[in-house]
Amino acid sequence: MLSLLSWIRGAAMAVALSCVAAGASDHWSFRPVAPVEPPAVKDAGWGRSPVDRFILARLEQEGIRPSPPVDRAAWLRRVSLDLVGLPPTPEQVQAFLSDAAPDAEARIVDGLLGSPRYGERWAQHWLDVVRFADTHGFEVNTERPNAWPYRDYVIAAFNADLPYDQFIRDQIAGDLRGQDAATGFLVTASVLLPGQIGADDVSKRLARQDALDEIVVNTGQTFLGLSVGCARCHDHKFDPITARDYYSMQAFFAGVEYGDREMRTPEALRMSADAARMRARVTAIDAELTRFEAMARPGETGTNRTAALRPPVSAARNSDRFAPVRTQRVRFTIRKTTNLEPCIDELEVYDTTARNVALASSGTRATSSGDRTEPDRHELRFVNDGRYGNSRSWMSSEMGKGSVTLEFPAACEIERVVWGRDRNREFVDRLATDYTIEVEVAPGTWRVVADSTDRHPMDAPAAVRLAGVLESSLTTAETATANALLAERKDLEGRIGKVTQAQMAFAGVFRKPDDIRLLHRGDPEQPRDPVVPAVPVVLGGLKMDRETVESDRRRALAEWLADAANPLTARVMVNRIWQGHFGVGLVETASDLGRSGTKPSHPELLDWLAMEFVRSGWSVKHMHRRIVLSATYRQSSRVDPVAATRDADVRWLWRFPSRRMESEPMRDSMLWVSGRLNLSMGGRGFDLFNNRGGLTGFQPVESYAGDGLKRMIYAHKVRREREAVFGAFDCPDAGQSTARRRESTTPVQALNLFNSRFTVEQSEAFARRVASEAGTDPARQVQRAYALALGRSPTAMELAEVVPVVRDHGVAVLARALFNSNEFLFVP
């Protein structure tokens with residue numbers, strides 16, 4: 001009886017859901033964007049923008065009057081915080097208030113949109129949506145050291161007003177358009193990498209499905225505003241997206257792997273050429289140093305030693321020179337390490353012409369006794385790939401021992417092996433201290449050409465260690481020459497490491513696509529019919545063959561997403577832009593325009609904005625101008641009790657909805673007014689914690705200098721770890737997409753902002769700036785402090801109350817109060 005009832009309930013649910021799905025295809029967001037004219041209004045004198053007519057028509061329909069305009073200084077502060085995330089300077093405020101020209105506001109907006117600060121502000125909105133971070137996430141949460149080029153691409157794209165349709169194409173298929181960093185979009189999410197996945201095939205298949213799912217979810221939410229991922233295990237319960245649609249979307253990305261890729265931008269190509277020149281010089285230096293190097297004397301011990309010991313092994317670089325020998329195979333065997341499994345960063349073998357014959361690019365094949373692979377690093381293929389650094393090294397699978405064998409394409413005459421633990425000099429653990437180097441002189445017959453027996457021990461005196469590769473019997477002149485060459489080589493190797501790192505971007509690696517099948521209940525162990533790359537049926541007819549190559553799949557999807565005829569693309573983006581200015585979009589659920597999302601408050605305005613967006617050439621800056629120069633945006637934020645009873649959430653925009661600054665502009669603004677903000681742009685992120693990735697133990701940095709004073713968008717973002725002070729202000733942790741930041745109010749926020757070392761240091765810097773600009777008179781100091789922090793002069797009452805405090809306790813106390821005031825923290 002119970003099973004029959006369960007069957008009846010299930011059947012009823014299925015019928016209900018099929019009814020939902022049947023009507024879902026006629027949902028407003030799936031219909032084409034239709035041309036719409038701004039409505040007629042009774043009060044024709046309010047506002048001159050088409051935006052205002054849509055807003056006013058709804059207010060008149062509801063019997064509500066719009067609010068009066070805000071004062072000009074408050075408008076300037078509002079638009080500055082909105083567009084660049086920084087308050088205007090006192091000089092900018094004064095110049096604007098003195099400018100009576102009718103185009104004064106338009107020129108202010110153009111200046112803000114033309115500032116490099118604009119891209120830094122609006123890129124943050126985008127990075128929230130795509131969940132950008134500098135670590136891989138999940139339990140291990142290791143560093144993703146080359147994620148930042150994508151962040152810099154987004155900033156540059158907003159600053160250049162890159163047409164949004166091209167912005168889409170870049171992020172889906174930028175590698176085909178000379179924009180390698182842009183495809184970082186595809187791999188922004190958390191991922192399990194080799195070493196975090198179980199060794200069994202079942203675990204590997206599940207991890208691969210999870211990785212592809214993140215790409216599909218990211219694409220669907222970001223560009224289409226749809227929860228496509230809900231169809232992974234079954235047909236979508238609300239939207240007309242089937243499980244087959246989901247796996248067909250997955251097929252577009254079936255050849256995408258999470259990983260670093262070398263960039264081919266003009267800057268990257270220049271750096272690559274620089275690196276090649278530096279490597280050539282290092283090779284030349286090594287050839288010159290050869291005459292100073294001691295020959296290896298394998299097998300020598302204290303009883304049969306014939307010459308002075310060679311220097312002890314070094315984690316950075318070791319050279320083993322021996323008499324020329326002809327061979328096709330070299331074996332490096334480690335018998336003991338300083339600790340743990342041995343690690344080798346680049347095994348180089350030089351012939352008698354000083355050419356490195358060990359490079360994989362030259363056809364040399366590497367094998368080993370066993371490999372320990374860790375996430376995004378330590379693979380056998382890295383042992384001879386010609387690139388330095390811990391992340392490009394090999395690690396043995398055996399504690400304290402292991403071996404690597406190199407086989408050249410053909411026999412050659414070699415005379416030197418160079419190796420290290422970390423050629424970039426960052427790591428010193430896992431160093432081989434007892435080793436042998438052998439060559440195969442006949443099939444199956446090996447001869448030792450070098451080992452560690454003739455080296456000083458690790459605890460040798462400093463003078464011995466500093467001798468490097470030098471013979472102890474060199475003349476003074478020879479020693480000076482050799483030391484100069486060693487110093488030059490060390491500098492070059494460090495520069496090569498930095499340049500090589502700068503050329504890489506965590507932007508996906510592309511290969512032959514997987515065979516994608518419809519999975520029953522989303523289970524990789526229950527594959528059903530094969531699927532081909534195709535978009536959801538309800539949205540179009542793009543469908544490709546199974547044989548379509550990887551790059552063509554992504555190119556076709558990018559073109560479909562960026563097509564002006566796509567009913568969702570323009571609507572989703574203009575809604576995000578509107579949200580950036582008013583705190584909430586016309587559709588409140590900015591990443592869900594489907595049936596489970598909210599309805600638009602002004603549907604005709606949304607479509608008008610979408611059409612205007614496409615007409616403008618997909619210009620984001622054009623849409624900013626349309627919005628911030630409107631009377632709607634210029635309204636005061638004062639509350640009208642009558643209107644508030646009708647529309648408490650201000651969805652009809654009868655006033656400007658004031659809101660608190662977000663974490664990033666809050667921190668940036670404190671640095672800005674204190675005179676400490678570092679405006680240098682781009683590059684590797686500065687540290688917020690003592691670790692850049694890992695399981696636990698993230699101790700926050702409390703005091704900043706140099707790059708740590710850059711805008712917060714340039715911080716190294718550790719996934720699932722909130723910044724110590726400003727993380728409390730609802731700053732996303734990049735674990736999930738954040739379409740809209742919620743605004744909470746907690747005691748921790750007040751404690752952080754008043755008592756943190758960051759606030760204290762910026763307050764002291766603010767006081768120093770005020771003293772240098774206003775002198776020692778307390779009244780003038782108060783006036784300058786208000787002008788810098790709030791963009792206005794203090795009232796007579798404020799002046800009377802604050803001057804005695806400043807006289808007795810200093811400007812730093814006033815600065816802390818100003819930083820904690822609503823007037824400083826809120827967009828007016």
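**Exercise 1. Work out what share of the protein chain is buried, and describe its overall build.**

*Solution.* Let's begin with burial: of the 828 residues in the protein chain, 54% count as buried. Keep in mind that this is a predicted model.

Next, take the secondary structure. The protein chain holds 26 helices and 16 strands.

Then look at the extent. Along the principal axes, the C-alpha atoms occupy a box of roughly 105 × 85 × 55 Å.

Finally, turn to the contacts. Among those in the protein chain with a separation of 6 or more, 74% join residues 24 or more positions apart.

**Exercise 2. Describe the surface of the protein chain and the placing of its charges.**

*Solution.* Start with the area: about 34400 Å² of the protein chain is exposed. Carbon and sulfur atoms provide 54% of that area.

Now the charges. The protein chain has 107 positive and 108 negative charges. Average the positions of each set, and the two mean positions turn out to be 1 Å apart.

**Exercise 3. Find the cavities, and say which residues lie nearest the centre of the largest cavity.**

*Solution.* First, search the whole structure: five cavities of 30 Å³ or more appear.

Second, pick the largest cavity, which contains about 250 Å³ of space.

Third, list its surroundings. The lining of the largest cavity is made of 24 residues, and those nearest its centre are Gln124, Glu664, Lys717, Cys731 and Pro732.

Last, see which element contributes most. That is helix 6, residues 116–129, which gives three residues to the lining.

**Exercise 4. Glutamate 346 has a positive phi. Locate this residue and decide whether it is buried or exposed.**

*Solution.* Begin with the backbone: phi of glutamate 346 is near 70°, a positive value in a residue other than glycine.

Next, find the residue along the chain. Glutamate 346 sits in the loop linking strand 4 (343–344) and strand 5 (348–351).

Now judge the burial. The cut-off for buried is under 20% relative accessible area. Glutamate 346 has 0% relative accessibility, so it counts as buried.

**Exercise 5. Do the same for tryptophan 618: give its phi, its place and its burial.**

*Solution.* Phi comes first: tryptophan 618 is not a glycine, yet its phi is positive, at about 60°.

For the place, look between helix 16 (603–615) and helix 17 (620–628), where tryptophan 618 lies in the loop.

For burial, apply the cut-off of under 20% once more. Tryptophan 618 counts as buried because its relative accessibility is 6%.

Notes:
Residues are numbered from 1 along each chain as its sequence is written. This is a predicted model: local features need pLDDT of at least 70, side-chain atom pairs count only at pLDDT 80 or more; totals for chains, interfaces and linings use all residues. Side-chain values use heavy atoms; hydrogens and water are left out. Helices (H or I, at least four residues) and strands (E, at least two) are DSSP runs, numbered from the N terminus. Buried means under 20% relative accessible area, exposed over 50%, partly exposed in between (1.4 Å probe, protein chains only). Contact means heavy atoms within 4.5 Å. Accessible areas come from the Shrake-Rupley method with a 1.4 Å probe; for residues, only the protein chains shown count as cover. Lys and Arg count as positive and Asp and Glu as negative; His and the chain ends are not counted. The place of a charge is taken as NZ of Lys, CZ of Arg, CG of Asp or CD of Glu. On a 1 Å grid over the protein atoms alone, a cavity is a set of points where a 1.4 Å probe fits but cannot get out, and a pocket is an open set with protein on both sides within 12 Å along at least five of seven lines; lining residues have an atom within 4 Å of a point. Grid points are joined across faces, edges and corners, and a volume is the space filled by probe spheres set on the points.
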